[in-house]
Amino acid sequence: MEKLKEELEKNRTEFLNYFKKARLINTIVLVGAIILFVAVVIVMHKINQDTIALIICAVIVIVLFFYVKNIKKSIANYTQNYIKNYYNVTTKEVMNENNITEFEDEDENVINLEIIEKASFMKDINYTRSRNIISFDYEGHHILLGDLLFKTIDQKDRKNSIVAFCGKFLQYESNKTYNGRTIIYRKCKGNNGVGPTDIDNLEKVLEDEDFVIYSSNKDFEKDFDKKTLSLLRSIEIDDVLYDFTISLTNNVVTMAFSYSDSLMVIPLYEETPIKSFDKFSSDFATILKVIQNI
């Protein structure tokens, strides 16, 4: 991924330089406008031309207003282009590395509450935000993949909300219908994972040092056999990937992987964390193998 890093770093540096330059120019313009404003008031007052002073000051304010409006629009457009290009480049690289050459940009859409609720692994969701959404066909499935953050009501203090998930969200409708509802949770090693909360009507059917599996299906192992669990166990939980949840509900398969800011936040002042893209690409390769087995 060295070429990817070079391209991302080039784009990041250009954007950072533009951002710093725009901020410097804004500061100069603002300070200049204040000095001019004060000077006009003082000079015109000394020669008893307060009316003219008011007119000139009004013109300064109006000009400054339109300048700020235009520069904000310019910065916003430049920022959106940077973000869009960042996602285009990184997504294409990860998908191509996993031999998926055809995918559609779904960024005009969102991963909304209805889509998340199909997964039935988290309750009391009250805020969602998504971006970088694509869809692609794999093994006869039409798969939705995107970056997602959602909040839930804090179970300890229901007046507040907490970030319950931030990471890569994948969902598709399977060609087969699963019996009952099954949730597999790969445990977090630290305090960054929330884990599934919509488990009230499920039984804990398996727990070891890596996994907790909840299900209403006594024959859940037909869906999550030893090969599938072995594949999932091979996905390393580290400082990039905190934990993950997989849900089988009716014919809907959902995978939610909680990643750190090194993958989920677009870099500006720090170098692009290529290690995190390597990690996600490797995880994604395993995810595709899991899809073949469930």
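Two strands count as paired if DSSP finds at least two bridges between them, and the strands themselves are DSSP runs of E with at least two residues, just as helices are runs of H or I with at least four, all numbered from the N terminus. With that in hand, look at β6 and β7, which form a hairpin with 3 residues between them. Before going further, a word on the source: this is a predicted model, where local features need pLDDT of at least 70 and side-chain atom pairs count only at pLDDT 80 or more, while totals for chains, interfaces and linings use all residues. Residues are numbered from 1 along each chain as its sequence is written, and side-chain values use heavy atoms, with hydrogens and water left out.

Zoom out from the hairpin and you get an open sheet of 9 strands, ordered β1-β2-β3-β4-β9-β8-β5-β7-β6, with antiparallel pairing. β1 (104–105) and β6 sit at the edges with a single partner strand each, so one side of each has no neighbour in the sheet.

Now back to β7 (residues 211–215) and its two partners. On one side, strand β6 (residues 203–207) is joined to β7 by 4 bridges, running antiparallel. On the other pairing, 5 bridges tie strand β5 (residues 181–186) to β7, again antiparallel. Y214 is a handy landmark here: K204 stands opposite Y214, and I183 stands opposite Y214 too. β5 carries on the pattern with β8, pairing in the antiparallel sense over 6 bridges, and R181 stands opposite T249 in β8.

Why can β7 be called largely enclosed by the rest of the structure? Because 5 of the 5 residues of β7 are buried, where buried means under 20% relative accessible area, exposed means over 50%, and partly exposed is in between (1.4 Å probe, protein chains only). In a regular strand, side chains alternate between the two faces of the sheet. For β7 both faces are covered: F211, I213 and S215 are buried on one side, V212 and Y214 on the other.

F211 also brings us to the rings. R186 lies over the face of F211, 5.4 Å from the ring centre; a charge sits over a ring if NZ of Lys or CZ of Arg is within 6 Å of the ring centre and within 35 degrees of the ring normal. Another case is K168, whose charged end sits over the ring of F280 at 4.9 Å from its centre.

Rings meet each other as well, and the structure holds 14 aromatic pairs. The rule is that rings of Phe, Tyr and Trp (its six-membered ring) pair if their centres lie within 6.5 Å, with planes under 30 degrees apart counted as stacked, over 60 as edge-to-face and the rest as tilted. F65 and F66 make an edge-to-face pair, 5.3 Å centre to centre with 80° between the planes. F65 is exposed at a relative accessible area of 52%, whereas F66 is partly exposed at 46%. F136 and F284 are edge-to-face too, at 6.0 Å centre to centre and 75° between the planes. This pair links distant parts of the chain, with F136 in strand β2 (residues 125–138) and F284 in helix α6 (residues 274–293), 148 residues apart. Both F136 and F284 are buried. There is also an aromatic cluster made of F15, Y18, F19, Y78, Y82, Y86, Y87 and F277.

On the surface, L30, I34, F37, V38, V41, I42 and V61 make a nonpolar patch of about 570 Å². Patch residues have over 30% relative accessible area and no salt bridge, and nonpolar side chains (Val, Leu, Ile, Met, Phe, Trp, Tyr) are joined within 5 Å, like charges within 9 Å. A salt bridge here is a side-chain nitrogen of Lys or Arg within 4 Å of a carboxyl oxygen of Asp or Glu. Helix α1 (residues 2–46) gives the most to the patch, with 6 residues. L30 lies in helix α1 and is partly exposed, with a relative accessible area of 46%.

Finally, two backbone oddities in loops. E139, found in the loop between β2 and β3 (141–153), has a positive phi of about 50° although it is not a glycine. N250, in the loop between β8 (241–249) and β9 (252–259), has a positive phi near 55° and counts as partly exposed at 49% relative accessibility.

Key: Areas by Shrake-Rupley, 256 points an atom, 1.4 Å probe, with all protein chains shown as cover.
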